[in-house]
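This briefing goes through a single protein chain, topic by topic. It is meant to be read beside the sequence and the coordinates.

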Amino acid sequence: MMSSRIKDKHILLKIVIGFVMIVLTLIILRAFHVILHIGNEYTVCFRNEWKIDDTSKISDDNIKEIVYMKKLNRFTSINAQITNYDFLADFTELESIYIHSNALATGIVINDLPSLQNSSNLEYAFLYIDLDNLDCIANSNKLKDLTVSPYDAEINSISALKNKPELKGLILKHIHCSDYSVLLELPSLEYLQIDGSELPDEIKTALEEKGVEVKETPKEELQKEREEYEELVKSHQVQND
């Protein structure tokens with residue numbers, strides 16, 4: 001009987017010690033940012049892909065620990081409740097970035113991004129936000145595909161497209177700038193879509209002579225697309241109410 005009690009105590013002690021060890025391990029992993037708390041979710045720093053959408057309970061306050069994902073190479077944010085994307089400047093391994101934030105749907109206007117130069121291998125950038133310039137990718141010299149589509153802004157400068165020897169696909173919407181000559185300095189360009197503006201004839205001709213497929217969408221068509229989208233959002237909001 002006595003030996004049985006002693007055995008039970010040993011088993012209980014082992015269980016307690018095991019539990020304590022697990023708790024201490026978790027505390028240490030949290031302290032060294034191996035386990036991260038982002039939004040309402042616990043995750044690990046080794047992830048290489050992260051996606052946020054309008055159903056994610058993530059905001060400026062609870063996304064801060066994402067900077068410890070040192071291996072992150074794909075970042076996606078779709079109509080998220082985030083107003084500040086400065087944390088993107090801390091990443092060094094990004095290869096693809098997709099940000100879509102429409103103020104009509106979210107109530108949040110994103111008109112600035114930090115320089116992405118620390119992610120020297122960035123190849124794909126799709127930015128559906130209200131930028132009026134391309135400065136954030138000025139030093140992203142390995143870009144292969146770039147889309148910038150503001151909603152309530154106009155791109156007034158594309159000078160940041162210099163030194164993009166690998167850029168093959170380029171889509172720019174709501175563009176209104178005075179100098180398009182940088183487009184002739186893109187040796188790998190295969191496809192160009194300019195929406196809301198007309199390319200100067202000499203630029204368009206020179207690009208087509210180099211074999212670039214050029215597509216232009218008149219401003220009137222863009223306005224029609226916008227009106228249709230606004231109607232769609234309004235009807236969706238009515239249904240939700």
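The points below cover the overall layout, the nonpolar core, a surface patch, the salt bridges and the cysteines. The model is predicted. The protein has 241 residues, of which 37% count as buried. It holds four helices and 10 strands.

**Overall layout**

- Along the sequence, the order of elements is α-β-β-β-β-β-α-β-β-β-β-α-β-α.
- The accessible surface of the protein amounts to about 14,000 Å², and carbon and sulfur atoms account for 51% of that surface.
- Taking contacts in the protein between residues at least 6 apart in sequence, 36% are between residues at least 24 apart.

**Nonpolar core**

- In soluble globular proteins, nonpolar side chains tend to be buried together.
- In this model the largest nonpolar core comprises 57 residues.
- The residues with the most contacts inside this core are Ile66, Phe75, Leu88, Ile158, Leu161 and Leu183.
- Elements giving two or more residues to the core include the strands β1 (35-38), β3 (49-52), β5 (96-100) and β6 (124-128).
- Further along the chain, β7 (145-148), β8 (169-173), β9 (191-195) and helix α3 (201-209) also give two or more residues each.
- Leu183 can serve as an example: leaving aside neighbours within four places in sequence, Leu183 is in contact with Ile158, Leu161, Leu170, Leu189, Leu192, Leu199, Ile203 and Leu207.

**Nonpolar surface patch**

- A nonpolar patch of about 920 Å² lies on the surface.
- Its residues are Leu12, Leu13, Val16, Ile17, Phe19, Val20, Met21, Val23, Leu24 and Ile27.
- Met21, one of the patch residues, sits in helix α1, which spans residues 2-31.
- The relative accessible area of Met21 is 47%, so Met21 is classed as partly exposed.

**Salt bridges**

- The search of the whole structure returns six salt bridges, and three pairs are described here.
- Arg74 pairs with Glu49, with 3.8 Å between the closest N and O atoms.
- That pair links distant parts of the chain, 25 residues apart, with Arg74 in strand β4 (residues 74-78) and Glu49 in strand β3.
- Arg74 has a relative accessible area of 41% and is partly exposed; Glu49, at 40%, is partly exposed as well.
- Asp195 pairs with Lys173, and the closest N and O atoms are 3.9 Å apart.
- Asp195 belongs to strand β9 and Lys173 to strand β8, 22 residues apart, and this pair too links distant parts of the chain.
- Asp195 counts as buried at 2% relative accessibility, whereas Lys173 is partly exposed at 21%.
- The cut-off for buried is under 20% relative accessible area, so Lys173, at 21%, does not count as buried.
- Glu216 pairs with Lys204, the closest N and O atoms lying 3.0 Å apart.
- Glu216 is in strand β10 (residues 213-217) and Lys204 is in helix α3, so this salt bridge ties together parts 12 residues apart in sequence.
- Glu216 is partly exposed at 25% relative accessibility, and Lys204 is partly exposed at 26%.

**Cysteines**

- How many disulfides are there? The count is zero, where a disulfide needs a pair of cysteine sulfur atoms within 2.5 Å.
- Cys45 counts as buried, with a relative accessibility of 13%.
- Cys136 also counts as buried, at 5%.

How values were computed:
Residues are numbered from 1 along each chain as its sequence is written. This is a predicted model: local features need pLDDT of at least 70, side-chain atom pairs count only at pLDDT 80 or more; totals for chains, interfaces and linings use all residues. Side-chain values use heavy atoms; hydrogens and water are left out. A nonpolar core is a set of buried Ala, Val, Leu, Ile, Met, Phe, Trp, Tyr and Cys residues joined through side-chain atoms within 4.5 Å. Buried means under 20% relative accessible area, exposed over 50%, partly exposed in between (1.4 Å probe, protein chains only). Contact means heavy atoms within 4.5 Å. Patches are made of residues with over 30% relative accessible area and no salt bridge: like charges are joined within 9 Å, nonpolar side chains (Val, Leu, Ile, Met, Phe, Trp, Tyr) within 5 Å. Accessible areas come from the Shrake-Rupley method with a 1.4 Å probe; for residues, only the protein chains shown count as cover. A salt bridge is a side-chain nitrogen of Lys or Arg within 4 Å of a carboxyl oxygen of Asp or Glu.
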